[in-house]
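User: I am new to reading protein structures and would like a close look at one part of this model. Could you pick a good starting point, explain the reasoning step by step, and then show me how it connects to its surroundings?

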Amino acid sequence: MSITAADIRREIQEKNVTFLRLMFTDILGTLKNVEIPATQEQVDKVLSNKAMFDGSSIEGFVRINESDMYLYPDLDTWTVFPWGDENGAVAGLICDIYTAEGKPFAGDPRGNLKKALRHMESVGYKSFNLGPEPEFFLFKMDEQGNPTLEVNDKGGYFDLAPTDLADNTRREIVNVLTQMGFEVEASHHECAVGQHEIDFKYADVLKACDKIQIFKLVVKTIARKHGLYATFMAKPKYGIAGSGMHCNMSLFTEEGNAFYHPEDPRGMQLSEDAYYFLGGLMKHAYSYTAITNPTVNSYKRLVPGFEAPVYVAWAGRNRSPLIRVPASRGMGTRLELRSVDPMANPYLALAVLLESGLDGIENKIEAPAPVETNIYAMTAEERVEAGIIDLPSTLHNALKALQSDPVVRAALGEHIYTNFLEAKRIEWASYATFVSQWEIDNYLDLY
């Protein structure tokens with residue numbers, strides 16, 4: 001049921017809301033906000049799409065002479081945060097960004113995902129569903145409140161640690177998310193020390209991406225309350241597993257899950273649409289990796305030996321390829337892309353994944369045969385013979401691939417593509433010229 005302006009006005013009074021956060025996401029995936037007092041005058045301005053901000057100060061948005069931008073709140077994202085103080089409660093709304101001329105802003109990642117959804121609807125689908133599995137680390141903070149790389153536990157995958165501060169922190173995160181309307185399906189310790197995962201129920205992709213952004217805010221807020229620092233960095237520590245955000249995806253029509261077909265002659269119970277969508281994901285994988293794995297650090301996770309996918313292949317039960325088809329069928333039939341990491345801008349990542357899959361459907365791109373053997377145990381020659389290629393090994397290589405793929409570029413739109421590419425080239429250049437401690441340790445004395 002949709003939330004109305006009247007519902008919001010009533011909750012502001014009933015829950016003593018004194019501040020409103022108008023939230024939006026920049027091109028790099030950072031959640032931004034403009035906070036305003038919840039006075040009647042300001043609330044009226046927000047609910048009539050009259051709230052403004054300076055777009056020239058946001059990464060990749062506009063030049064200073066085009067700075068005036070409007071925030072159009074999506075009322076269905078109304079959230080009263082379960083924390084506050086003696087000054088009252090704080091509530092939030094996720095907004096779309098419009099220009100001073102009243103047109104959707106081409107650089108708004110959320111608006112860009114809506115563009116992909118309009119394409120999806122035009123070819124006969126009702127919704128694109130996403131079930132994300134975000135992982136994160138909890139680290140101790142020093143006496144100044146700065147994050148360290150010291151973990152608070154020695155747990156492993158699914159370990160139970162009832163006296164563990166991190167375990168209690170994760171439990172409170174789940175409680176807060178539940179209060180905020182999340183349907184949490186699983187919460188557990190991940191395989192690396194200090195690493196955790198909380199999964200929430202799938203939703204249509206726009207709502208799911210909104211939830212990812214709010215989820216990160218909640219995790220960081222509750223962790224800090226417990227004296228811990230939460231990070232969604234893909235690979236914060238050498239020698240242990242990094243953090244991923246597996247994306248479980250499915251297309252629906254009015255009749256139900258378009259990926260399910262019980263009479264599948266290949267025995268996977270997948271529809272023709274599912275195979276073509278899979279073919280599109282496979283074809284464009286090398287090119288969209290710059291978006292799904294958008295930082296220098298992302299590629300420290302995409303290496304063999306730590307369960308992260310490295311090879312472009314797919315399978316049923318096998319967990320070594322890029323894409324897996326989980327066992328659930330019927331309404332639960334889905335494709336799980338395992339390469340995405342939680343540093344990705346979810347709106348951009350899912351826009352390029354949806355458009356890649358739709359390209360597969362519209363152009364009938366055949367998926368290759370599944371690979372049910374452990375790819376990590378195959379030789380390079382065996383992988384070549386099976387037609388398996390590696391994902392990009394660096395951000396630099398990923399950016400070059402992004403430039404060469406018109407489907408992925410079009411999924412971003414020219415404004416986002418141009419500004420993303422420029423920002424990431426600067427990031428790579430900064431990294432490439434930095435002299436690390438590893439280089440000092442290995443070369444200073446030797447040469």
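Analyst: Happy to! Let's start with Glu-254, which is exposed, because its relative accessible area is 64% and the cut-off for exposed is over 50%. Please keep in mind that this is a predicted model. Glu-254 has a charged partner: Lys-126 and Glu-254 form a salt bridge, with 3.9 Å between their closest N and O atoms. Glu-254 sits in the loop between strand 13 (245–253) and strand 14 (256–257), while Lys-126 sits in the loop between helix 3 and strand 7 (127–141), so this pair ties together parts that are 128 residues apart in sequence.

That loop brings us to helix 3, the part I suggest for our close look. Helix 3 contains 14 residues, and from first C-alpha to last it reaches 20 Å, close to the 20 Å expected at 1.5 Å a residue. Which of its residues are buried? They are Pro-109, Arg-110, Asn-112, Leu-113, Ala-116, Leu-117 and Met-120. These residues cover an arc of only 160 degrees around the axis, which means that they lie on the same side of helix 3. Arg-118 and Ser-122, on the other side of helix 3, are exposed. You can trace this on the model by following the buried residues first and then looking for the exposed pair on the other side.

Now look at the two ends. At the start of helix 3, Asp-108 has a side-chain oxygen that comes within 3.2 Å of the backbone nitrogen of Arg-110. After helix 3 comes Gly-124, which has a positive phi, near 105 degrees.

Next, how does helix 3 connect to its surroundings? One link is a salt bridge between the side chains of Lys-114 and Asp-96, at 2.6 Å from N to O. Lys-114 belongs to helix 3 (residues 109–122) and Asp-96 to strand 6 (residues 88–99), so the pair joins distant parts of the chain, 18 residues apart. What are the surroundings of the two partners, buried or exposed? Asp-96 is buried, because its relative accessible area of 8% is under 20%. Lys-114 is partly exposed, because its 26% falls between the cut-offs of 20% and 50%.

For comparison, here is another salt bridge elsewhere in the model. Glu-336 and Arg-324 pair up with their closest N and O atoms 3.0 Å apart. Glu-336 is in strand 17 (residues 335–337) and Arg-324 in strand 16 (residues 321–324), so this pair ties together parts that are 12 residues apart in sequence. Here both partners, Glu-336 and Arg-324, are buried. Some salt bridges also share partners, and in this way Asp-74, Asp-96, Arg-110, Lys-114 and Asp-210 are joined into one network. Among these are Arg-110, one of the buried residues of helix 3, and Lys-114, which is also in helix 3. The count of salt bridges comes to 17.

Two members of that network lead us to a neighbour, Thr-77. Apart from residues within four places in sequence, Thr-77 is in contact with Gly-92, Leu-93, Ile-94, Arg-110 and Asp-210. Thr-77 is found in the loop between strand 4 (68–73) and strand 5 (79–85). Thr-77 is buried, because its relative accessible area of 12% is under 20%. The Thr-77 side chain also reaches the backbone nitrogen of Ile-94, at 2.8 Å.

Asp-210 is another contact of Thr-77, and the residue numbered just before it, Cys-209, lets us ask about a further kind of link. How many disulfides are there? The count is 0. Cys-209 is in no disulfide, and its nearest cysteine sulfur, that of Cys-247, is 7.9 Å away. That is too far for a bond, because a disulfide needs the two sulfur atoms within 2.5 Å. Cys-209 is buried, with a relative accessible area of 0%, and Cys-247 also counts as buried at 0%.

To retrace the tour, go back to helix 3: find its buried side, then the salt bridge from Lys-114 to Asp-96, and finally the contact between Thr-77 and Arg-110.

Conventions
Residues are numbered from 1 along each chain as its sequence is written. This is a predicted model: local features need pLDDT of at least 70, side-chain atom pairs count only at pLDDT 80 or more; totals for chains, interfaces and linings use all residues. Side-chain values use heavy atoms; hydrogens and water are left out. A salt bridge is a side-chain nitrogen of Lys or Arg within 4 Å of a carboxyl oxygen of Asp or Glu. Helices (H or I, at least four residues) and strands (E, at least two) are DSSP runs, numbered from the N terminus. Buried means under 20% relative accessible area, exposed over 50%, partly exposed in between (1.4 Å probe, protein chains only). The expected span of a helix is 1.5 Å times one less than its number of residues. The arc is that of the directions from the helix axis to the C-beta atoms. A polar contact is a pair of N or O atoms within 3.5 Å; within protein, one must be able to donate a hydrogen and the other to accept it, and residues adjacent in sequence count only if both atoms are side-chain atoms. Contact means heavy atoms within 4.5 Å.
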